[in-house]
Amino acid sequence: QVQLVESGGGYVQAGGSLRLSCAAPGRTCSSPTMAWFRKAPGKEREFVAAISWNGGYTDNATSVKGRFTISRDNAKNTVSLQMNSLKPEDTAVYYCAADRSGGYRTPNAYGYWGQGTLVTVSS
């Protein structure tokens, strides 16, 4: 069963923008923490951004600070990632994660994951 559903990935030139969305079907209560991770070819899954349940706290990986913005809408059970000034190094499959049980930057802290959405940034 699909836990989370990501959408919004695609192909874009460097400097362009994309907005990713993550939906949590059937969930009526917000997760304490939701996050985005990404996995590039030949690399391990890495932290991108995280947000607290009420949006009062956010954090971003240093590689995306100033370019990416995470937000959530608990009434709709969704979390979004606005990606601006995209670079070729941002090319990866992006995953949404929910329900943190440990450090928010570690993948194994999350119990719910989506199938991933591919983002490809060309030079």
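# Reading an all-strand model

Tutor: Let's begin with the sulfur bridge: the torsion about the S-S bond of Cys22 and Cys96 is about -85 degrees, so this disulfide is left-handed. Keep in mind as we go that the model is predicted.

Student: Happy to start there. Which residues does the disulfide join, and where do they sit in the chain?

Tutor: The general idea is that a disulfide is a covalent bond between the sulfur atoms of two cysteines. Here it joins Cys22 to Cys96, with an S to S distance of 2.2 Å. The pair links distant parts of the chain: Cys22 belongs to strand β3 (residues 18–23) and Cys96 to strand β9 (residues 92–100), 74 residues apart.

Student: How many disulfides does the structure hold?

Tutor: The structure holds 1 disulfide.

Student: Are Cys22 and Cys96 buried or exposed?

Tutor: Buried means under 20% relative accessible area. Cys22 has 1% relative accessibility, so it counts as buried. Cys96, at 0%, counts as buried too.

Student: Let's step back to the whole fold. How many helices and strands does the protein have?

Tutor: There are 11 strands and 0 helices. Read from the N terminus, the elements run β-β-β-β-β-β-β-β-β-β-β. The radius of gyration is 13 Å, close to the 14 Å that the globule rule gives for 123 residues, so the protein is as compact as a globular protein of that length. Its C-alpha trace spans about 40 × 25 × 25 Å along the principal axes.

Student: What share of the residues is buried, and what share of the contacts is long-range in sequence?

Tutor: Of the 123 residues, 43% count as buried. For contacts, take those between residues at least 6 apart in sequence: 57% of them join residues at least 24 apart.

Student: And the surface: how much area does the protein expose, and how many charged side chains does it have?

Tutor: The protein exposes about 6,200 Å², with carbon and sulfur atoms supplying 50% of it. It has 13 positive and 8 negative side chains, and the centres of these two sets lie 2 Å apart.

Student: Now the backbone. Which residues have a positive phi without being glycine?

Tutor: As a rule, most residues other than glycine have a negative phi. Two cases to look at here are Asn77, with a phi of about 55 degrees, and Ser85, whose phi is near 50 degrees.

Student: Where are Asn77 and Ser85 found, and how accessible is each?

Tutor: Asn77 is in the loop between β7 (68–73) and β8 (78–83). At 14% relative accessibility, Asn77 counts as buried. Ser85 lies in the loop between β8 and β9, and its relative accessible area of 40% makes it partly exposed.

Student: Could we finish with a residue inside a strand? What is Ser80 in contact with?

Tutor: Ser80 is in strand β8 and counts as buried, at 10% relative accessibility. Leaving aside neighbours within four places in sequence, Ser80 is in contact with Arg19, Leu20, Ser21, Trp36, Thr69, Ile70 and Ser71.

Student: Let me follow one of those partners. In which strand is Thr69 found, and what does Thr69 contact?

Tutor: Thr69 is found in strand β7. With the same kind of neighbours left aside, those within four places in sequence, Thr69 is in contact with Ser80, Leu81 and Gln82. Thr69 is partly exposed, with a relative accessible area of 49%. One last distance to check in your viewer: the C-alpha atoms of Thr69 and Ile51, 18 residues apart along the chain, are separated by 9.9 Å.

Notes. Residues numbered from 1 in each chain as written. Predicted model: local features only at pLDDT ≥ 70, side-chain atom pairs only at ≥ 80, totals over all residues. Heavy atoms only, no water. Disulfide = S-S within 2.5 Å. Helix = DSSP H or I, 4+ residues; strand = E, 2+ residues; numbered from the N terminus. Buried < 20%, exposed > 50% of the residue type's maximum accessible area, 1.4 Å probe, protein only. Rg over C-alpha atoms; globule rule 2.2 N^0.38 Å. Contact = heavy atoms within 4.5 Å. Areas by Shrake-Rupley, 256 points an atom, 1.4 Å probe, with all protein chains shown as cover. Lys, Arg positive; Asp, Glu negative; His and termini not counted. Charge placed at Lys NZ, Arg CZ, Asp CG, Glu CD.
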